[in-house]
Amino acid sequence: MTKAKTLVSSIAFACLFSTGLTTLAVAAECSGTIKVLAQPRDGLTLLEDYKSEFETLSGGASFEIDYLNENDRRAKTKADASTIGKYNVYYIDEANVALFASAGWVAPLMDYYPADYDYADFDPGRQKVATYDGKVWFAPITGGGDLMVYRKDLLEAAGIAPPKTLDEYVAAVKKLNQPDQGIYGTALRGQRGSGANVWRWMPFFKGFGGNWFDGKTPVFDGEQAVKATETYLELFKYSAPGSQTGGWDEAVGAFTSGQVAMLIESTPLVGMAIDPKSSKVAGKVGYLPPPAPLTGGGYGHGLAIGAKANRDEASRACAGLFIAWATSKENEARRLEANQFSELNRTSIMTSPKFAELYGPDLGQALADTGKVTAVNFWQSPQWPDLGDRWGIILEELITGTRSDIKEGLDELDGFAKDLVARSQ
Amino acid sequence: MKQKNSLPAVFLTPAMGILAVLALVPTAYAIYISFQNRELSRPDGSLIGFANYIDLFSDRRFVNAIGVSLTWEAVTVGMTLLIAIGLGILLFECVSPRARNLLALLFLVPVILPRVSAAFVWKFAFHPLYGIATYPYKAITGEPLDLLSNPATALATVALVDVWQWGLFFAVIVLKLLETLPPQPFEAARLDHARTWEIYAFIALPMLKAPLISLAFVKMIESLRAFDLIYVMTRGGPGIATETLDMYAFSQGFIESGRISYASSMAVLMMIATSIAFTFIWKRVQ
């Protein structure tokens with residue numbers, strides 16, 4: 001059976017690489033160095049091993065990637081794109097695609113993305129978040145939704161079935177919380193930021209029926225937001241120490257080090273949790289879609305063409321070629337081969353026999369199921385980072401106890417949102 | 001004679017010219033855009049007078065940042081000098097000259113570390129689950145200690161790292177200053193049965209008044225530039241408990257809003273306030 005699987009995946013790989021050789025035939029004429037500003041990703045690091053391949057494909061161009069962590073990358077891309085425009089390619093994400101597109105800092109991707117590279121093959125959810133104002137702005141390098149990830153051994157020992165509803169989830173978290181034994185019920189994100197604590201809070205807000213805006217009028221300041229915040233703060237009582245001001249790294253670190261019973265996090269967590277190299281709990285992990293009525297936080301990060309550094313059509317075409325190559329089926333196949341679960345974005349790869357062989361049928365099913373509840377939870381506007389970050393600060397104050405009145409915090413945000421809309425007009 | 005007088009000007013003019021361009025052009029530009037409503041996403045802006053400055057005083061984060069900055073300045077400068085003087089005297093009194101040199105070398109290590117590296121090392125050391133600095137507390141009480149997530153302790157914890165870097169370095173300087181003092185006043189005081197603390201309080205430290213004031217000024221300026229340490233360890237949190245003025249200006253300019261005019265107005269106010277404060281303190285000291 002294993003031999004048969006290996007044979008099937010070998011054939012699949014051969015097909016992918018033959019497609020790659022076909023695309024090599026449509027080589028462009030590029031030169032110099034394509035400068036990329038990104039955040040650390042295993043998939044991008046892997047690309048650097050194949051520089052010579054891109055050099056041949058592009059007719060002589062090379063590339064150089066500068067890495068900064070997520071918050072710094074966001075600040076630096078914004079500063080660079082709005083001023084000198086030193087980078088040909090920016091790593092952008094769902095939270096700032098609207099800002100970058102509306103400010104003209106990036107060029108429409110599909111004008112320069114070679115058709116052979118099959119953009120339609122990307123996961124539809126990721127295509128959706130890469131699109132703003134009817135145009136595609138980036139090619140996904142990572143993305144997905146949310147999964148509820150839990151310790152099967154702890155749930156079984158406590159006689160708890162994996163929760164399907166939020167009420168069951170809250171009850172399970174409370175029951176599983178045993179700090180005296182070094183196990184905490186859950187791990188949330190408390191660190192301020194539209195991509196940090198607000199990101200984890202939004203599935204509650206949207207799940208309870210909340211909305212950000214009605215046209216240009218803020219409508220978030222209602223009972224749904226209050227209930228979402230109350231639930232989030234209630235769960236924080238059982239969240240691992242360090243998560244009160246921590247983000248993705250702290251939450252994931254606490255789970256993979258075996259100190260957390262269950263959590264709802266972005267899908268890449270699964271890849272890390274089941275990998276014995278990065279997880280102490282590999283082999284004990286189960287995953288399901290988030291409990292109802294929570295929505296999954298649909299997200300996507302990817303590579304976009306910088307408008308300032310690529311002044312002419314030729315250089316934009318070269319940047320487009322680089323992006324197409326970096327996110328191509330061949331490179332995704334390499335990432336799959338290197339067991340980089342969180343770096344996979346193409347439907348053809350995620351439904352391939354090799355994927356099923358590596359991760360089993362359960363994960364494929366869980367990803368398909370969570371896709372049904374994945375939604376765009378944030379306000380799709382250039383002003384979103386500003387609004388989201390402001391709510392992130394208020395939420396962090398509520399979590400750490402420097403503020404206790406939820407409604408007062410939401411009222412403050414409402415005033416801020418009105419100013420923001422007025423300023424943008 | 002005339003040639004001799006003009007020579008310094010000949011050599012100084014190019015350097016001063018470069019310095020003037022480097023310092024004055026950005027300053028003038030910052031002042032200019034602080035009167036505009038420019039944002040990173042909108043390169044065009046219009047003059048709006050003092051609107052940014054007026055808005056600042058109804059902005060709770062700005063008012064909070066003033067308080068945090070003043071507290072940070074007072075705590076880090078005060079504690080650094082106290083530690084430096086105390087440790088310097090202790091080394092001078094209790095440790096042999098050879099051991100002093102070895103300890104001085106060790107005390108220089110923290111300040112040689114890049115600020116960002118030191119911040120990361122200490123951030124992990126203070127982690128409530130895995131941190132080495134919080135481990136004894138957890139081992140004794142069974143409860144985790146989360147100093148950086150607690151609004152009451154976060155600023156003091158970051159200040160501790162700053163004092164660790166600079167207090168030890170300044171202790172070495174104080175030690176070397178004490179070694180340069182003439183021994184006769186100390187011997188005379190001992191003959192008059194002065195106690196050790198009296199010797200230092202009434203003889204040694206007054207003799208070192210000028211260099212100690214210089215050290216205080218150096219630390220005051222250095223403490224104003226603690227952005228990297230706070231940014232890595234707390235990012236201004238929890239909430240806005242450790243958000244200093246430079247941290248808030250950077251957030252407004254580049255992290256959250258891209259409101260560079262608003263951020264510039266903060267920078268201009270900081271520049272004016274520090275110039276006035278330093279001039280005042282300098283005059284008082286003189």
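B:Arg98 is found in helix 4 of chain B, the helix that covers residues 97-112. In this predicted model, B:Arg98 has 8 C-beta neighbours inside 10 Å, so it counts as exposed; the cut-off for that label is 12 or fewer. Another residue of chain B, B:Ser275, is 177 residues away from B:Arg98 along the chain, and the C-alpha atoms of the two are separated by 43 Å.

Helix 12 of chain B gives another picture. This helix takes in residues 245-255, and 10 of its 11 residues are buried, so it is largely enclosed by the rest of the structure. Among the buried ones are B:Leu245, B:Met247, B:Tyr248, B:Phe254 and B:Ile255, and the list also includes B:Asp246, B:Ser251 and B:Gln252. What does the covering? Part of the cover comes from chain B itself, including helix 3 (60-94), helix 11 (227-233) and helix 13 (260-285). Chain A joins in as well, with helix 4 (70-82) and helix 17 included in the cover.

That brings in the contact between the two chains. Here, 22 residues of chain B are in contact with 29 residues of chain A. On the chain B side, the residues that touch chain A divide into 11 nonpolar, 9 polar and 2 charged.

Now for chain A as a whole. Its secondary structure comes to 18 helices and 15 strands. The radius of gyration of chain A is 22 Å, close to the 22 Å that the globule rule gives for 425 residues, so chain A is as compact as a globular protein of that length. Along the principal axes, the C-alpha atoms of chain A fill a box of roughly 65 × 60 × 30 Å. Of the 425 residues in chain A, 53% count as buried. How many of the contacts in chain A between residues at least 6 apart in sequence join residues at least 24 apart? The share is 76%.

Helix 17 of chain A, already met as part of the cover over helix 12 of chain B, also meets helix 9 of chain A. Helix 9 spans residues 197-207 and helix 17 spans residues 384-400; their axes come within 9 Å and cross at roughly 90°. Angles of 65 to 115 degrees count as roughly perpendicular, and helix 9 and helix 17 of chain A are therefore roughly perpendicular to each other. From helix 9 of chain A, the contact uses A:Asn197, A:Val198 and A:Trp201, while helix 17 of chain A brings A:Gly388, A:Trp391, A:Gly392, A:Leu395 and A:Glu396. Sorted by class, the contact between helix 9 and helix 17 of chain A has 4 nonpolar, 3 polar and 1 charged residues.

On to the strands. Strand 14 of chain A runs over residues 299-306 and is mostly covered, with 8 of its 8 residues buried. Which strands pair with it? One of its partners is strand 3 of chain A (residues 89-93), which runs antiparallel to strand 14 and is joined to it by 5 bridges; in this pairing A:Ile92 stands opposite A:Gly302. Strand 4 of chain A (residues 106-107) is also antiparallel to strand 14, with 2 bridges between them, and A:Ala107 stands opposite A:Ile305. Strand 7 of chain A (residues 139-144) is joined to strand 14 by 5 bridges, again in the antiparallel sense. Here the bridge partner of A:Gly144 is A:Tyr299.

Just before strand 3 comes A:Asn88, in the loop between helix 4 and strand 3 of chain A. Is this loop residue buried or exposed? A:Asn88 has 25 C-beta neighbours inside 10 Å, so it counts as buried. Leaving aside residues up to four places away in sequence, A:Asn88 touches a set of residues including A:Ile34, A:Val36, A:Gly306, A:Asn310 and A:Ala319. A:Asn88 and A:Thr142 are 54 residues apart in sequence, and their C-alpha atoms are 20 Å apart in space.

Finally, chain A has an open sheet of 3 strands in the order 11-8-12, with antiparallel pairing. Strand 11 (262-266) and strand 12 (285-288) of chain A stand at the edges with a single partner strand each, so one side of each is left without a neighbour in the sheet. From one strand to the next, the twist averages 30°. Strand 8 of chain A (residues 146-151) pairs with strand 12 of chain A over 4 bridges, and A:Val149 has A:Tyr287 as its bridge partner in strand 12.

How values were computed. Residues are numbered from 1 along each chain as its sequence is written. Chains are lettered from A and ligands numbered from 1 in the order in which they are written. This is a predicted model: local features need pLDDT of at least 70, side-chain atom pairs count only at pLDDT 80 or more; totals for chains, interfaces and linings use all residues. Two strands pair if DSSP finds at least two bridges between them. Axes are lines fitted to C-alpha atoms, for helices over the stretch in contact, and angles run from 0 to 180 degrees between N-to-C directions. The radius of gyration is taken over C-alpha atoms; the globule rule is 2.2 Å times the number of residues to the power 0.38. A residue is buried if 20 or more other C-beta atoms lie within 10 Å of its own, exposed if 12 or fewer, and partly exposed in between; C-beta atoms are placed from the backbone. Two residues are in contact if their C-beta atoms, placed from the backbone, lie within 7 Å. Ala, Val, Leu, Ile, Met, Phe, Trp, Tyr, Cys and Pro count as nonpolar, Asp, Glu, Lys and Arg as charged, and the others, Gly among them, as polar. Angles under 35 degrees count as roughly parallel, over 145 as roughly antiparallel, 65 to 115 as roughly perpendicular and the rest as oblique.
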